[in-house]
Each structure stands twice: as structure tokens, then as C-alpha cells.
Amino acid sequence: MRIIKVSLYLLSLLLLTSNLFASGLVNGTYWGKLGYLDGKSYPMISSFKVNNEGFVWGKYKFNYEEKTLEGVFFDGKISGKNLKIYWQDDAGKGWLDVTFDEKFDSFEGTWGVKGPEGYWSGKK
């Protein structure tokens, strides 16, 4: 029984430290694209910051049909290489769900309001 408790403790510690390590790597600015299901895509700049508790927030900017839209990310949480975060701008609000590469130099994922609306990518 003691071995099981120690094993669970070590596993919890490993998961906690790997998430804290990953959180620090997420910090930064990523250049990429915001794509829609109809095939249209727009250049995108996404910036993320992570606090000591592992919560992620940030901002983004892209040009959409001759208009620059700026928005914010909030209530984000990193789990391993996956980030689930929420966004809001003048056009609306929704969610973003992305997966980072091994070095956290780039990400790809989907975004949406109610259901998936398209893809979102970025590279440092």
C-alpha cells in the first residue's frame, strides 16, 4: 500500500512540474494564421503569458476584410502540450484549443463560438 501512495505522489509531482515547465515555454509571441471553414485565412499575431499558478492570458491581432481586429485571451489552462483558452474581440467571443510542438515553438488547433469555426496556428 505504501508503494502505491509513493507512486501516486511521484506521478502527481511529475505532472505538476511538467505543466509548470510547459507553462513557462508558452510565454511569447507567435505569428500564424486564422482560418475559416470556407477556406479563407488571415495573418494572425498571438501573444501568451502565464502566471505562477499556470493560468494563461494574452492578446491577438489580425486583419479581417480591411479591418484590424484586436482581442484578448483569458481563462487559459495548459495541460501537457495542450492549451484551452477563451478569446474575445469586437466581433464576438469563443474558445481556442491548440496543441504545441515539443519545444513550444509553434501550435495548431481549432477555434469556435459554439462549434468549430476553423483553425488557428502560430510560430515563434
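**Notebook: strands β1 to β3, and Ser 106**

I began with a single pair of residues and noted that Ile 45 stands opposite Lys 61, the latter lying in β3. I keep in mind throughout that I am reading a predicted model.

I then looked up how the strands around this pair are joined, and found that β2 and strand β3, which covers residues 55-64, run antiparallel and are linked by 7 bridges. Between β2 and β3 there are 4 residues, the two strands forming a hairpin, and in its turn I noted Gly 54 with a positive phi of about 90 degrees.

Next I turned to the other partner of β2, and saw that strand β1 (residues 28-36) pairs with strand β2 (residues 41-50) over 8 bridges in the antiparallel sense. As an example I looked up Lys 33, whose bridge partner in β2 is Pro 43. The hairpin of β1 and β2 has 4 residues between its strands, and there I found Gly 39 with a positive phi near 100 degrees.

My last entry concerns Ser 106, which I located in strand β7, a strand covering residues 106-112. I recorded Ser 106 as partly exposed because its relative accessibility is 22%, and buried would require a value under 20%. Setting aside neighbours within four places in sequence, I listed the contacts of Ser 106 as Tyr 30, Thr 99, Phe 100, Asp 101, Gly 122 and Lys 123. I also checked Ser 106 against Thr 29, and wrote down that they are 77 residues apart in sequence, while their C-alpha atoms are 10.0 Å apart in space.

Note on methods
Residues numbered from 1 in each chain as written. Predicted model: local features only at pLDDT ≥ 70, side-chain atom pairs only at ≥ 80, totals over all residues. Heavy atoms only, no water. Buried < 20%, exposed > 50% of the residue type's maximum accessible area, 1.4 Å probe, protein only. Contact = heavy atoms within 4.5 Å. Pairing = 2+ DSSP bridges.
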